[in-house]
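Me: Could you take a close look at one part of this model for me? I would like a connected account of a single helix and of one charged residue within it.

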Amino acid sequence: MKFEFLHKNNSSDLVLFFGGFGFLPSAYNLASKNDVLMVYDYLEFDLGFLEICKAYKNIKLIAFSMGVMVSCKCDLSSLNIVQKIAINGTTKGIDDEFGISEKLFKITAKRFDKESFLSRCGGINKAFNQNPKDELLSILELAKKPCIWQDYDLAYSSNMDEIFPQNALLKSFKNICKINASHFCFDEFLSWDEI
């Protein structure tokens, strides 16, 4: 995993953001009054971002798509997380009932077409990984690791999501906010603080 600040405002509060598969930091153009640290590119399971996070008084965790599953594989117990928000993803990630079916995910990894994917998820012209198939295979391996925690406070689910099944979110979370958007729904928000 790589990590990069999207905003560095010398705040004592941090938004810790686990991005979705493939999207690079410049794909997310939201404002923030707080610092925002993004974790992305799930080729390797590297928890180096935790040391940076320990310096913050309060942390709001936001995770998108497969970032929801990856975040649950990380031991975040040493951090003062005050809120956890999932967006268009579940803690299981790859699962026949609570995520994207493993069979479909494997077919996608084998036949991945970037333009088709970006079109279906509403992310056309967004900055994207140059080696997406390798990242998909890595995510498939990460899915086998045990979940350390699963208690998200809120989940956003897009009504027009063509990537992640909305029914999986409805089965996974109690507190769901439905929004009229596609899978990549970040154009619906003005800032990280609004989410």
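Reply: What follows looks at helix α5 and its residue E135, and then turns to a loop residue and a pocket. Please keep in mind that this is a predicted model.

Helix α5 runs over residues 132–142, and E135 lies within it. The buried residues of this helix are P132, E135, L136, S138, I139, L140 and L142, and what covers them includes α2 (66–72), β6 (93–94) and α3 (102–110). An α-helix has 3.6 residues a turn, so residues three or four places apart point the same way.

E135 deserves particular attention, since this residue is buried yet has no salt bridge. The nearest side chain of opposite charge is that of K2, which is 8.7 Å away, whereas a salt bridge would need a side-chain nitrogen of Lys or Arg within 4 Å of a carboxyl oxygen. Leaving aside neighbours within four places in sequence, E135 is in contact with F21, G22, D41, Y42, L43 and N129.

L142, another of the buried residues of α5, is in contact with F45, a residue that also touches M1, K73, C74 and K145. F45 sits in the loop between β3 (35–40) and α1 (49–53) and is partly exposed, with a relative accessible area of 30%.

Helix α3, named above as part of the cover over α5, also gives the most to the lining of the largest pocket, with three residues. That pocket has a volume of about 240 Å³, and of the 17 residues that line it, the closest to its centre are I100, F105, T108, F117 and I163. By class, the lining has 11 nonpolar, four polar and two charged residues.

Methods. Residues are numbered from 1 along each chain as its sequence is written. This is a predicted model: local features need pLDDT of at least 70, side-chain atom pairs count only at pLDDT 80 or more; totals for chains, interfaces and linings use all residues. Side-chain values use heavy atoms; hydrogens and water are left out. Helices (H or I, at least four residues) and strands (E, at least two) are DSSP runs, numbered from the N terminus. Buried means under 20% relative accessible area, exposed over 50%, partly exposed in between (1.4 Å probe, protein chains only). Lys and Arg count as positive and Asp and Glu as negative; His and the chain ends are not counted. Contact means heavy atoms within 4.5 Å. On a 1 Å grid over the protein atoms alone, a cavity is a set of points where a 1.4 Å probe fits but cannot get out, and a pocket is an open set with protein on both sides within 12 Å along at least five of seven lines; lining residues have an atom within 4 Å of a point. Grid points are joined across faces, edges and corners, and a volume is the space filled by probe spheres set on the points. Ala, Val, Leu, Ile, Met, Phe, Trp, Tyr, Cys and Pro count as nonpolar, Asp, Glu, Lys and Arg as charged, and the others, Gly among them, as polar.
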